[in-house]
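Biologist: Could you take me slowly through a single part of this model, and show how that part sits against the rest of the chain?

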Amino acid sequence: STVPAHTHGSTVPAHTSPPNQLIALLRLLGTRCLAPESIDDSYRLFCLEHGITILTELVGENREPFIGMSEMAVEKCVRILSDPALQPVLVHCTSGKAQTGCVVACLRRRQGWSLTATFDEFLRFGNAARSHLLDLQFIEHHMSTESGEEGRRGPAVPAGFAEAPYPPRSVAGREVEPLSTVSHFFVYGSLRPDDDSGKSWTRDFVEGFEDVRRASLSGAQMFYDQYASVTLDGTSDQVVHGYVLGYLPQPGVDELSAEHSSAFDEKLRAADEIEGFREDDVEKSLYQRAVKYVSPGDGARPVKAFVYHRPDCDRSCPILSGDWLKRKEHRAAATELFESI
């Protein structure tokens, strides 16, 4: 289907002659593939012969319990599809539905379409038959088109974290300015509010935070090494799930109140002690402390947060789901595997 002029969306191009002839007739400059695993040698050869550039972007998918599309990857795709210099272009995933549909819907919002019209098109092109609630939520929260402003999420965040300021955001119905300093923790193990390991410090630590939301950290891996252990050397499609806990500034003020600043400092000291982090002797610390952007589950812009990680942890028992609450399932599977060898 044609999205705007010179931009097209489809399923993965078939190997048969008619679909390839159609692609040739479109005189594409490039294709944007949202499912890199769907590209095979015949597809690459066809594009090479016709001077078509293949660009891949792993956008992920929206599904329960805590899996979400990559905000940055989708925004990157929207910007590329909006660039006249790169058109005509074809955007596709494996089925041409969920991933392509979400990217095209976000492009429609950028073009000024209403949510009603955007959702209608999204559902008409093959998505009505599948569970699409999370996709619709993703589309709704991805971008605001008022006054030609950039998305309510702000600009895309590069790898690691960026210091570029974000526009104001709304949390719990309150507009707040972005903080220039860190005011949140990303917690994924015994410090998350719903932890079930029964540690003595959990309740006291999570109590008193003003901002508590589910969140995820991309490019990270989780392992079971006596405690929940996370490393920051994962691929872009590896995600750790948890919560962001923190405090919010008052409207129009780029800093915490004295009360909240003092409370956060106290929480930071408590977290350092729990995680065995020694700022004066990092090499001997059990966990290291880093600052990363994490993605809240409510669709708000990324949050800069402290993350405790263990680069030298025992990696023999990975928690592939990235969810600490599912560790028993992974341990049971690992035990069964070792016993069968």
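**A close look at helix 8**

Modeller: In this predicted model, the buried residues of helix 8 pack against strand 7 (184-187), helix 7 (202-206), strand 12 (288-296) and strand 13 (303-309). Helix 8 itself covers residues 258-275, and because each residue should add 1.5 Å, its 18 residues should span 26 Å, which agrees with the 26 Å between its end C-alpha atoms. The buried residues in helix 8 are His260, Phe264, Lys267, Leu268, Ala271, Asp272 and Glu275. Looking down the helix axis, one finds these buried residues within an arc of 140°, so they line one face of helix 8. This kind of pattern can be understood from the geometry of an α-helix, which has 3.6 residues a turn, so that residues three or four places apart point the same way. On the face turned away from the buried side, helix 8 carries the exposed residues Ala258, Glu259, Glu266, Arg269 and Glu273. After helix 8 comes Gly276, whose phi is positive, near 70°.

The surroundings can now be added to the picture. The largest nonpolar core has 35 residues, and those touching the most other members are Phe185, Phe186, Tyr188, Phe205 and Val294. Helix 8 is among the elements that give two or more residues to this core, and others among them are strand 7, helix 7, strand 12 and strand 13. Strand 13 gives the most to this core, with five residues. A second, separate core has 20 residues, including Cys77, Val103, Val104 and Leu107.

Technical notes
Residues numbered from 1 in each chain as written. Predicted model: local features only at pLDDT ≥ 70, side-chain atom pairs only at ≥ 80, totals over all residues. Heavy atoms only, no water. Helix = DSSP H or I, 4+ residues; strand = E, 2+ residues; numbered from the N terminus. Expected span 1.5 Å × (residues − 1). Buried < 20%, exposed > 50% of the residue type's maximum accessible area, 1.4 Å probe, protein only. Arc of directions from axis to C-beta. Contact = heavy atoms within 4.5 Å. Core = buried A, V, L, I, M, F, W, Y, C linked by side-chain atoms within 4.5 Å.
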